[in-house]
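Have the sequence and the 3D view open side by side. The text below goes through one pocket and some of the residues to look up.

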Amino acid sequence: EFLGPRGGRGRRWQVAAYHIWRLEESALIRPGVLPLDLLGGSVIGGATPIARHGVELEGGISLDGFGLRAEAEYIGSARVDGGAAGASDLAFGDVLLLDLRAFVDFDRRPRLIAALPLLRGARLSLRIDNLLGDIRRVTDAAGNVPLSFQPALLDPRGRFVELSLRKRF
């Protein structure tokens, strides 16, 4: 039995998965004008198109003061039509983002607190965002990356690692 003899006290787990499949996405600017097909290359409010497919997974486990949480998001490829003004079409590649969180809640580890009383009320956490370092690639019709879609501009933070120690007094 996963929950063990203590009836699950101090033990939890959670998993969720979502698949987003957009069949139609449009916007009506004003009456009398054809709606914009947001899945077919039109955009509003910015230059990022809407992908037809996306998947989100998240889950976590907590066991007697130790915890691990993971979140993954896949965003499918999409495109932006250059339009009649002669601008180039843009292709947005797919991207996979993976974030991890791990922690130790020292208050849930009584033997450790007895050995090191200074750790009472402390929690150690590790956070890693974009573990894989994936960045959405954007190219024009010639296969070049436009200046405003350079990887460092799309995701200036890149992979992010944070280690923190929190203490209650």
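How do the residues of the lining of the largest pocket divide into nonpolar, polar and charged? There are seven nonpolar, two polar and four charged residues; Ala, Val, Leu, Ile, Met, Phe, Trp, Tyr, Cys and Pro count as nonpolar, Asp, Glu, Lys and Arg as charged, and the others, Gly among them, as polar.

This is a predicted model, in which local features need pLDDT of at least 70 and side-chain atom pairs count only at pLDDT 80 or more, while totals for chains, interfaces and linings use all residues. Residues are numbered from 1 along each chain as its sequence is written, and side-chain values use heavy atoms, with hydrogens and water left out.

Of the 13 lining residues, Val-95, Leu-97, Arg-136, Leu-154 and Asp-155 lie nearest the centre of the largest pocket. Strand β8, residues 95-105, gives the most to this lining, with three residues (a strand is a DSSP run of E, at least two residues, numbered from the N terminus).

Now find Arg-136, in the loop between β9 (122-129) and β10 (138-140). Arg-136 is buried (under 20% relative accessible area, 1.4 Å probe, protein chains only). Arg-136 has no salt bridge, that is, no side-chain nitrogen of Lys or Arg within 4 Å of a carboxyl oxygen of Asp or Glu. The nearest side chain of opposite charge, Asp-94, is 7.4 Å away. A polar atom of the Arg-136 side chain does lie 2.8 Å from the backbone oxygen of Gly-76, and the backbone oxygen of Gly-93 also lies 2.8 Å from a polar atom of that side chain.

Note on methods:
On a 1 Å grid over the protein atoms alone, a cavity is a set of points where a 1.4 Å probe fits but cannot get out, and a pocket is an open set with protein on both sides within 12 Å along at least five of seven lines; lining residues have an atom within 4 Å of a point. Helices (H or I, at least four residues) and strands (E, at least two) are DSSP runs, numbered from the N terminus. Buried means under 20% relative accessible area, exposed over 50%, partly exposed in between (1.4 Å probe, protein chains only). Lys and Arg count as positive and Asp and Glu as negative; His and the chain ends are not counted. A polar contact is a pair of N or O atoms within 3.5 Å; within protein, one must be able to donate a hydrogen and the other to accept it, and residues adjacent in sequence count only if both atoms are side-chain atoms.
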